[in-house]
Each structure stands twice: as C-alpha cells, then as structure tokens.
Amino acid sequence: MHMTHFANLLKVNSHAHLAKEQAIELRVLAQKSVGANDSALSIQITHSIAQIELLDS
C-alpha cells in the first residue's frame, strides 16, 4: 500500500488524531514485527486484503 494512501486511511479512520508521522511509525513497526522486507510478499498480502474487503462488501 502506498504511504500516502495508508496515511490518508489512518487520518480519516482516526478522525484526524493520527497523521503521516504515525503511519510511517506503524509501517516501520510492522516491517520489524513480520521480519520480512519482500516486495513480492507485500504484493501478495495487499491483494489478499483487497479480496477480503471485496468479500465483506
């Protein structure tokens, strides 16, 4: 997910309590917690999330 899109989602859903700085922090924490910095894995996870969101709608 592009950082600008992620930051906007975070801002909207937190009612402007969280901004781009927190989005960056969350992304770094997520990368460290998963332990992988693989673009192919990132794309696969992004597509899986999109499929879940489609099924939920």
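This short presentation goes through selected residues of a predicted model, from helix 1 to helix 3.

Good morning, colleagues. I begin with helix 1, which covers residues 3-13 and contains Asn8. Asn8 has a relative accessible area of 45%, and it therefore counts as partly exposed, since that class lies between the 20% and 50% limits. For a sense of distance, one may pair Asn8 with Ser57: the two residues are 49 apart in sequence, and their C-alpha atoms are 20 Å apart in space.

I turn now to the loop between helix 1 and helix 2, the latter being residues 20-34. Three residues of this loop deserve attention, and I take them in sequence order.

Ser14 is located in this loop. Is Ser14 buried or exposed? Its relative accessible area is 13%, so Ser14 is buried, the limit for that class being under 20%. The side chain of Ser14 also has a polar atom located 3.4 Å from the backbone oxygen of Lys11.

His15 belongs to the loop between helix 1 and helix 2 as well. In contrast to Ser14, which is buried, His15 is exposed, at 65% relative accessible area. Its backbone is also of interest: the phi of His15 is near 55°, a positive value in a residue that is not glycine.

Ala16 lies in the loop between helix 1 and helix 2 too. What is the phi of Ala16? The value is near 70°, again positive in a residue other than glycine. Ala16 is exposed, because its relative accessible area of 56% is over the 50% limit. As background to these two backbone angles, most residues other than glycine have a negative phi.

Finally, I come to helix 3, formed by residues 39-56, where Ile49 is found. Ile45 lies in helix 3 also. Ile49 is partly exposed, with a relative accessibility of 42%; for Ile45, the value is 42% and the class is likewise partly exposed.

Which residues form a nonpolar patch on the surface? They are Leu41, Ile45 and Ile49, and together they present about 230 Å² of accessible area.

One last separation concerns Ile49 and Glu21. Along the chain they are 28 residues apart, while 23 Å separates their C-alpha atoms.

To close, I would recall two points for discussion. In the loop between helix 1 and helix 2, positive phi values occur at His15 and at Ala16. In helix 3, Ile45 and Ile49 contribute to a nonpolar surface patch with Leu41. Thank you for your attention.

Terms used
Residues numbered from 1 in each chain as written. Predicted model: local features only at pLDDT ≥ 70, side-chain atom pairs only at ≥ 80, totals over all residues. Heavy atoms only, no water. Helix = DSSP H or I, 4+ residues; strand = E, 2+ residues; numbered from the N terminus. Buried < 20%, exposed > 50% of the residue type's maximum accessible area, 1.4 Å probe, protein only. Polar contact = N/O pair within 3.5 Å; in protein donor to acceptor, adjacent residues only side chain to side chain. Patch = residues over 30% accessible without salt bridge, like charges linked within 9 Å, V, L, I, M, F, W, Y side chains within 5 Å. Areas by Shrake-Rupley, 256 points an atom, 1.4 Å probe, with all protein chains shown as cover. Salt bridge = Lys/Arg side-chain N within 4 Å of Asp/Glu carboxyl O.
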